[in-house]
Amino acid sequence: MNTAVLAIDIGASSGRHMLGKLENGKLTLEEIYRFPNGTVKKNGRLCWDHQALLAHILAGMKKCAELGQIPASVGVDTWGVDYVLVDEDGRMLSDGVAYRDDRTQAVLGLLPDDELYRRTGIAKQPFNTVYQLMTEPKERLQKAHRLLFTPDHFHYLLSGKMVNEYTIASTGALVNPVTRTWDAQVLGMASVPESLFPEATKMPGTVLGRLRPEVAAEVGFDCSVILPASHDTGSAYMAVPARDDQAAYLSSGTWSLLGTELDGPVVTEKARLAGFTNEGGYQGKIRLLRNIMGLWMMQCIRRELNDRYSFAEMAELALQGAAYPYTVDAIDNRFLAPESMTEEIKAALREAGNPEPAGLPQLLACVNRSLAQCYADGIRELGALTGKQYTSLNIVGGGCNNRVLNQWTADATGLPVFAGPGEGTALGNAVAQLIALGELKDLAHARQRIRADFELKTFMPKES
């Protein structure tokens, strides 16, 4: 059999429909449709346009029908923490505010950080769902029937089933990482109605059912809707072709998510102060990781330059500025949504007593070297928290195409870096569906096929 599955991977700046299948024993991934994404201003807030995203989801599915490539199933993954509130009929009651909006600033100090971390394992970030919910009007919270995270909402629009998938739910500081259930005490502390979460989360691989009849009629085919790891990092981690359990993982995209897979959470005070977060993974695993600004910094600089350079050209420019040695802290939330990324980086350098970069190559060298240094620091602290000595770093996602950053990461960490596959998130999404359909035996089988069937590039550390 050559059963195909459709992985719809929606990122903060773009989305793609990728068709995954096992052909003659070989795992393949084919792009069918790609579309832009971004925030829009609505009612004074930065929001995601759910209506436009749904139109793209359906357009990509129609493209499958036009090409005669009908999938057996479909699943959606997106970024974490963001949500919509819906009524009993599934109508949106909230605007789908984006995590880079600043609405939570007034409530960040209202919950005890240490207790919230012990109960949820989620590092304090201004965009955490629990803080977003604390800014919602009380009457809206009382009126709402359900909270649906962003991919949960799209799965509902496709299947008619309202559920919350485990990996995406785990990102919001609402789920206990030990029991893997909604934490009633946290909901109480935040004055969030428990009625928004009437049932337990569903694990990746859950079959929701078939497409709604009206959706099937519009796209030109019917298929199953299967939950992937709906948090994009959860899907990306599934696609990491790690050789052993001493490999650190890096999902490198708009965000860089550096960490590892564990059987249980690490919710110590040391882990909290080090900024590590415990998110849900496939089969109930825990992804212990640190959020780093990632390619977002370069995306902003590129936008400020009116997209004059490709990302590959920006990497080469960074190489030209390699003599510039100064770095910034790529974890600092000052880089979350600055008016100008270029000026914010320069300000951070000045405040540290360092000279500003003399031109674009040095600016880009600063960003790449800052990320590499953050990865090195993160791996060292990850080892201290887990008691493991990490012997390699596996990078998946768009960042694995940046050969300069990969080499500087190898140099900074002193570890071999294995880069690939580039479409790791979509691949992990497809893998979850293929396992659910019985096409792949399990995750170990999938990772074995990824190592054999996808190009991986190796970067060895150079002596300083």
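**Pockets, a buried asparagine and unpaired cysteines**

By class, the residues lining the second largest pocket comprise 7 nonpolar, 6 polar and 4 charged. This pocket, like every feature described here, belongs to a predicted model, and about 380 Å³ of space lies within the pocket. Of the 17 residues in the lining of the second largest pocket, Ala12, Ser13, Trp296, Gln299 and Arg303 are the closest to its centre. Two or more residues of the lining come from each of strand S5 (45–48) and H11, and H11 gives the most, with 4 residues.

The largest pocket has a volume of about 1000 Å³, and 48 residues form its lining, with Ser252, Gly253, Thr254, Gln299 and Gly398 lying nearest its centre. Gln299 is thus named among the residues nearest the centre of the largest pocket and also among those closest to the centre of the second largest pocket. Several elements give two or more residues to the lining of the largest pocket, among them strand S2 (14–23), helix H9 (232–238), strand S11 (247–252) and helix H11 (296–304). Helix H12 (311–320) is also one of these elements, and H12 gives the most to the lining of the largest pocket, with 4 residues. When the lining of the largest pocket is divided by class, 16 residues are nonpolar, 24 are polar and 8 are charged.

Attention turns next to a single residue of the model. Asn368 is placed in helix H14, which covers residues 360–386, and Asn368 counts as buried because its relative accessibility is 0%. When neighbours within four places in sequence are left aside, Asn368 is in contact with Met298, Ala318, Asn402, Leu405 and Trp408. Of these partners, Met298 falls within the residue range of helix H11 and Ala318 within that of helix H12.

The cysteines were considered last. A search of the whole structure finds 0 disulfides. For Cys64, the closest cysteine sulfur is that of Cys223, and the two sulfurs are 8.8 Å apart, so they are too far from each other for a bond. Cys64 is buried, with a relative accessible area of 0%. Cys374 is likewise in no disulfide, the nearest cysteine sulfur being that of Cys366, which is 11 Å away. Because its relative accessible area is 6%, Cys374 also counts as buried, given that the term applies to values under 20%.

Conventions: Residues numbered from 1 in each chain as written. Predicted model: local features only at pLDDT ≥ 70, side-chain atom pairs only at ≥ 80, totals over all residues. Heavy atoms only, no water. Buried < 20%, exposed > 50% of the residue type's maximum accessible area, 1.4 Å probe, protein only. Contact = heavy atoms within 4.5 Å. 1 Å grid on protein atoms, 1.4 Å probe; cavity = no way out; pocket = protein on both sides within 12 Å on 5 of 7 lines; lining within 4 Å. Points joined across faces, edges and corners; volume = space filled by probe spheres on them. Nonpolar A, V, L, I, M, F, W, Y, C, P; charged D, E, K, R; others polar. Disulfide = S-S within 2.5 Å.
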